[in-house]
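Let's take a friendly walk through this model together. Have the viewer ready, and we will go from the inside outwards.

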Amino acid sequence: MGAGAERRGQRRVAMAELQQLRVQEAVDSMVKSLERENIRKMQGLMFRCSASCCEDSQASMKQVHQCIERCHVPLAQAQALVTSELEKFQDRLARCTMHCNDKAKDSIDAGSKELQVKQQLDSCVTKCVDDHMHLIPTMTKKMKEALLSIGK
């Protein structure tokens, strides 16, 4: 592979990594916000609830254990919800970028020029990322509403 092709290859990786970084930063910001505004409050409730289970001197060890487990349920549900939503989001984004890769491979197979295919691929991946970035606020709102209902 020549130096020009190698540089183009590095640029392609850089473009893909840049797009991935954009999504990662937005998702990280969303998760931090959920943790700060919702999950942390639920953790506090869980620990206070668990501590109160231990204050019942008449309860058996089994009853205390069951009480503590009940205290943990809302937080576990909240964490499962966030994990599930993030996985769905990542799957959708991955399917979109796979579609871009398939289109690029088809173009190469059809005899298109490498540079032209690379530009199409970059454009397609950027559109995937843009489309999915627009989903983040709605996904955040939906998760916050679900977390509030779990917390009640």
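**From the core to the charged pairs**

In this predicted model, the largest nonpolar core holds 29 residues, and Val27 and Met30 are the members that touch the most others in it. Three elements each give two or more residues to this core: α1, α2 (61-109) and α3 (114-151). The biggest contribution comes from α3, with eleven residues. As general background, nonpolar side chains in soluble globular proteins tend to be buried together.

If you centre your view on Val27, you can look for its partners beyond the neighbours within four places in sequence: Val27 is in contact with Leu86, Phe89 and Ile136.

Now move along to Asn38, which sits in helix α1 (residues 3-54). Is Asn38 buried or exposed? Asn38 counts as buried because its relative accessibility is 7%, and the cut-off for buried is under 20%. Setting aside residues up to four places away in sequence, Asn38 touches Ser33, Lys144, Leu147 and Leu148.

One of those contacts, Lys144, leads us to the charged pairs. Lys144 forms a salt bridge with Glu37, and their closest N and O atoms are 2.4 Å apart. This pair links distant parts of the chain, with Lys144 in helix α3 and Glu37 in helix α1, 107 residues apart. Glu37 itself is partly exposed, at 38% relative accessible area.

How many salt bridges are there in total? The count comes to nine. Another of them joins the side chains of Glu35 and Arg40, at 2.7 Å from N to O. Here both partners are partly exposed: Glu35 has a relative accessible area of 28%, and Arg40 has 46%.

For a contrast in setting, turn to Asp122 and Lys118, whose side chains meet in a salt bridge at 2.3 Å, N to O. The two are separated by about one helical turn because they lie four residues apart in helix α3. Asp122 is buried, with a relative accessible area of 10%, and Lys118 is buried too, at 9%. Elsewhere, Glu85, Lys88 and Lys142 are joined into one network by salt bridges that share partners.

Finally, a word on confidence as you weigh these details. The protein chain has a mean pLDDT of 89, and 90% of its residues reach 70 or more. Confidence is highest in α2, at a mean of 94, and lowest in α1, at 83.

How values were computed:
Residues are numbered from 1 along each chain as its sequence is written. This is a predicted model: local features need pLDDT of at least 70, side-chain atom pairs count only at pLDDT 80 or more; totals for chains, interfaces and linings use all residues. Side-chain values use heavy atoms; hydrogens and water are left out. Buried means under 20% relative accessible area, exposed over 50%, partly exposed in between (1.4 Å probe, protein chains only). Contact means heavy atoms within 4.5 Å. A nonpolar core is a set of buried Ala, Val, Leu, Ile, Met, Phe, Trp, Tyr and Cys residues joined through side-chain atoms within 4.5 Å. pLDDT is the predictor's confidence in each residue, from 0 to 100. A salt bridge is a side-chain nitrogen of Lys or Arg within 4 Å of a carboxyl oxygen of Asp or Glu.
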